[in-house]
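Q: I would love a close look at one part of this model, with its surroundings brought in afterwards. Could you walk me through it at an easy pace?

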Amino acid sequence: GPLLEVRGLTKRYPGGTALDGVHFDVHAGEVHCLLGANGAGKSTLIKCVSGAVEPTSGEILLDGVPLPAGSPSASLARGVATIYQELDLAPDLTVAESIYFGREPCRGPFLDRRAMRAGAKEVLARLRHEDISVDATVGELRPAFQQIVSIARALSAKARLLILDEPSAILDASEIEALFAVVRSLLEQGTSVIFISHLLGEIATIGHRVSVLRDGRTVASGLPASTPASE
Ligand code: ADP
Ligand code: ADP
């Protein structure tokens, strides 16, 4: 079955309905693009999957097993990692520290700086980004590299599903190409991807499937080339 199954997901706020019975599947090994106008419900959908928002009703299953509702730590422990547009790495940490912050070998009785640096180098190499120094200070890196450090952090945490919230919004054309290469490396490592985008050309290049949200409903899901270009 699918890696992620979203079934009849509804989220109501006092002011209105953000999601209205959404069905959405992500299969292992795919980049599933999520397309939709402002207010369509994309953020709410990914926040329900990441546990940041508790749905009103509906089900979210990973590998056929329900994810506890509204629990970011449970989603993360099950291998769902999310990178929001506002990159939230601490600017004063090094790249190696950022990748392991809050996890071994950064937590515990002592900090094993050598193991941490070696692990960070290894995970960046798996993304073919040996060009990022593990000793660089994150705040000094350009946003494109900060994004890759966030992805490396997710990969080191063994993410099985990585959610990227409009990652290309902060990138120039050559950086977008580099991001695509990183996404392809992720697939090779066994991490599947939800990729929010409103650029049809980008979706056709990187997406295996695309789903279109409108007014809190999934109105289309299919191959990128066959998506109605009306959004
Ligand atoms: P998108 O990410 O596609 O722009 P959102 O998920 O942010 O869409 O929003 C979907 C709808 O739900 C919008 O009408 C938005 O105003 C509303 N909404 C989102 N978050 C909240 C919230 N915390 N409280 C009230 N309404 C919200
Ligand atoms: P995006 O750019 O990802 O679509 P938005 O700009 O729609 O995100 O929303 C940014 C944040 O504000 C989100 O966390 C969303 O849940 C929240 N939000 C959106 N609409 C409302 C609303 N009507 N009331 C309260 N919070 C909202």
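Which residue in β2 is the bridge partner of Y13?

A: Happy to take you through it. Please keep in mind that this is a predicted model. The bridge partner of Y13 is G16, which belongs to β2. That pair is a good place to start on the strands themselves. Strand β1 covers residues 4-13 and runs antiparallel to β2, with eight bridges joining the two.

From there we can step out to the whole sheet. It is an open sheet of four strands, paired antiparallel, and the order across it is β2-β1-β4-β5. The edge positions belong to β2 (16-26) and β5 (65-66); each of these has a single partner strand, so one side of each has no neighbour in the sheet. A helix also packs on this sheet: α1, residues 42-50, touches β1, β2 and β4 (57-62). The direction of α1 makes about 115° with that of β1.

Now for a pair of helices further along the chain. Helix α4 (residues 113-126) and helix α5 (residues 143-156) have axes that come within 9 Å and cross at roughly 105°. Because of that crossing angle, α4 counts as roughly perpendicular to α5. On the α4 side, the contact is made by V123, L124 and R126. Facing them from α5 are I148, A152, L155 and S156. Sorted by class, this contact between α4 and α5 has five nonpolar residues, one polar and one charged.

Finally, a look at the enclosed spaces. The structure holds two cavities of 30 Å³ or more. The largest cavity contains about 40 Å³ of space. Its lining is made up of I83, Y84, Q85, Q147, L164, D165, E166, P167 and I170. By class, the lining of the largest cavity divides into five nonpolar, two polar and two charged residues.

The second largest cavity has a volume of about 30 Å³. Here the lining residues are L76, G79, V80, A81, A154, A157 and A159. Six residues in the lining of this second largest cavity are nonpolar and one is polar, with no charged residues.

To return to your starting point, Y13 has G16 of β2 as its bridge partner, and β2 itself stands at an edge of the sheet.

Key. Residues are numbered from 1 along each chain as its sequence is written. Chains are lettered from A and ligands numbered from 1 in the order in which they are written. This is a predicted model: local features need pLDDT of at least 70, side-chain atom pairs count only at pLDDT 80 or more; totals for chains, interfaces and linings use all residues. Side-chain values use heavy atoms; hydrogens and water are left out. Axes are lines fitted to C-alpha atoms, for helices over the stretch in contact, and angles run from 0 to 180 degrees between N-to-C directions. Angles under 35 degrees count as roughly parallel, over 145 as roughly antiparallel, 65 to 115 as roughly perpendicular and the rest as oblique. Contact means heavy atoms within 4.5 Å. Ala, Val, Leu, Ile, Met, Phe, Trp, Tyr, Cys and Pro count as nonpolar, Asp, Glu, Lys and Arg as charged, and the others, Gly among them, as polar. On a 1 Å grid over the protein atoms alone, a cavity is a set of points where a 1.4 Å probe fits but cannot get out, and a pocket is an open set with protein on both sides within 12 Å along at least five of seven lines; lining residues have an atom within 4 Å of a point. Grid points are joined across faces, edges and corners, and a volume is the space filled by probe spheres set on the points. Two strands pair if DSSP finds at least two bridges between them.
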